[in-house]
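Student: I've got a new model open and I'd like to learn how to read it feature by feature. Could you walk me through it?

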Amino acid sequence: MNISRRKVMTGSAAAAGALLAMPHIVRAQTKLIRVGLIPSEDSRAMLESSQQLLDALQKNLGIKVQGFVASDYNGVIEAMRSGHVEVAYLGPFSYVLGTTVAAIEAFATAETAKSGRTFYHSQIITRKDSGIKEVKDLKGRTFAFVDPSSTSGHLFPKAGLMKLGFDPEKDFGRVLFTGSHDANALAVANKRVDAATIADRIFDAAVQKKLVDAADIHVVWRSDPIPESPTCWRKNLPDDLKQQIKSAFLNIRDITWADQGKLNRFVETNDQAYDIIRDTAKVLKLDLVKMK
């Protein structure tokens, strides 16, 4: 009787010990973390400009880290969905699109040295001598967006105007897409258009580059904060590995990363932070599932 009880207790203790040890076994078996990167430049250049990040992660994790660059946003999302990469860096809109087809979740975002924050705003600017003081004064005027797929150069300002009862499809006199935020700043400064969209951080940079004189510019409209691009992981990763990955990112300091430039650090975020993107899509009546 005592022997049987001892055997049962020993077996139970062994089983419990095995269960407790499982996360560590999974962690020990994880020999490679693959990081998906958005293709802002050609594959080799993107990997080279991301090397400081990959090296810092490898050092903090104690696990080999490998970068993966797809041909487009959908390629990175598909790599997450199929389990080809564990972690990925996506734009705000591409992340929200990704959540409709893949089990992914945002957990961190970068704070750049240039802005010192993890969000930015979309703005509509005009010249002070244009006579435009508020949104209603834009009616019948010439206007420039950046690009149809630009978050801060088109989607957010268009939704913002619609919320205020302004119809961007009918109320402007003429609309054009310049292709870049800097081009919009110059179009306003040189009176090629009456008003235009621009991200606040890019406007600040345009002022520093002396493309525009801030004293000549009036901000007609400004969006709510737009969260910066998120770093996300596959939801099905072991919880202890997720915490290890999050800690590795949050402990990174003062590196240079691709087109983001100098980073101060990474800051924790979550999926709910990107609901503002989803809300904007609803205003614009965009079907996120069909856009994937």
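Tutor: Sure. Let's start with a term for sheets: two strands pair if DSSP finds at least two bridges between them. Keep in mind that this is a predicted model. Here, for instance, Ala106 stands opposite Cys232 in E12.

Student: Which strands does that bridge belong to, and in what sense do they pair?

Tutor: E4 and E12 are antiparallel, with 5 bridges between them. On E12 there is also a pairing with strand E3 (residues 87–89), again antiparallel, through 3 bridges. In that one, Val87 has Trp233 of E12 as its bridge partner.

Student: What is the strand order of the sheet?

Tutor: Reading across, you get E2-E1-E3-E12-E4-E14-E13, an open sheet of 7 strands with mixed pairing. Strand E2 (64–69) and strand E13 (253–257) are at the edges with a single partner strand each, so one side of each has no neighbour in the sheet. On average, neighbouring strands are turned by 35° against each other, direction ignored.

Student: Where would I look for a parallel pairing?

Tutor: Try strand E1 (residues 32–37) and E2, which run parallel and are joined by 6 bridges. One spot to click on is Leu32, which sits opposite Lys64 in E2.

Student: Back to E12. How many of its residues are buried?

Tutor: For strand E12 (residues 230–234), 5 of its 5 residues are buried. Over the chain, buried residues account for 46% of the 292 residues. The loop between strand E11 (226–227) and E12 holds Ser229. Buried means under 20% relative accessible area, so Ser229, at 13%, counts as buried. Beyond its neighbours within four places in sequence, Ser229 has contacts that include Tyr89, Thr109 and Tyr274.

Student: Now the aromatic rings. How do I describe a pair?

Tutor: You give the distance of the centres and the angle of the planes. This model has 11 aromatic pairs by the ring-centre rule. Take Phe107 and Phe249: the centres are 5.4 Å apart and the planes at 75°, so that pair is edge-to-face. Phe107 belongs to strand E4 (residues 104–112) and Phe249 to helix H9 (residues 239–250), so to speak a link between distant parts of the chain, 142 residues apart. Both rings' residues, Phe107 and Phe249, are buried.

Student: Which pair shows stacked geometry?

Tutor: Look at Phe145 and Phe177, with 5.6 Å centre to centre and 25° between the planes. Phe145 is in strand E7 (residues 142–145) and Phe177 in strand E8 (residues 174–177), 32 residues apart. The two are covered to unlike degrees by their numbers: Phe145 is buried, with a relative accessible area of 2%, whereas Phe177 is partly exposed at 40%.

Student: Which residues do ring pairs link into a cluster?

Tutor: Tyr89, Phe107, Trp233, Phe249, Trp257 and Phe266 are linked that way. There's a charge to check as well: Arg201 lies over the face of Tyr120, 4.2 Å from the ring centre.

Student: How do I read the packing of a helix, say H8? What are its buried residues?

Tutor: List the covered residues, then ask what they pack against. In helix H8 (residues 200–208), the buried ones are Asp200, Phe203, Ala205 and Ala206. They pack against several elements, including helix H7 (181–189), strand E9 (195–199) and strand E10 (217–222).

Student: And backbone angles? What should I look for there?

Tutor: Most residues other than glycine have a negative phi. Lys210, which is not a glycine, has a positive phi of about 65°. Lys210 is in the loop between H8 and E10, and it is exposed, with a relative accessible area of 74%. Another case is Lys285, whose phi is positive and near 60°. Lys285 is in the loop between helix H10 (275–283) and helix H11 (288–291), and it is exposed at 76%.

Student: What do the totals for the chain look like?

Tutor: There are 11 helices and 14 strands. Of the contacts between residues at least 6 apart in sequence, 76% join residues at least 24 apart. The chain exposes about 14800 Å², with carbon and sulfur atoms supplying 50% of it.

Note on methods: Residues numbered from 1 in each chain as written. Predicted model: local features only at pLDDT ≥ 70, side-chain atom pairs only at ≥ 80, totals over all residues. Heavy atoms only, no water. Helix = DSSP H or I, 4+ residues; strand = E, 2+ residues; numbered from the N terminus. Buried < 20%, exposed > 50% of the residue type's maximum accessible area, 1.4 Å probe, protein only. Contact = heavy atoms within 4.5 Å. Areas by Shrake-Rupley, 256 points an atom, 1.4 Å probe, with all protein chains shown as cover. Phe/Tyr/Trp six-rings, centres within 6.5 Å; stacked < 30°, edge-to-face > 60°. Lys NZ or Arg CZ within 6 Å of the ring centre and 35° of its normal. Axes fitted to C-alpha atoms, helices over the stretch in contact; angles between N-to-C directions.
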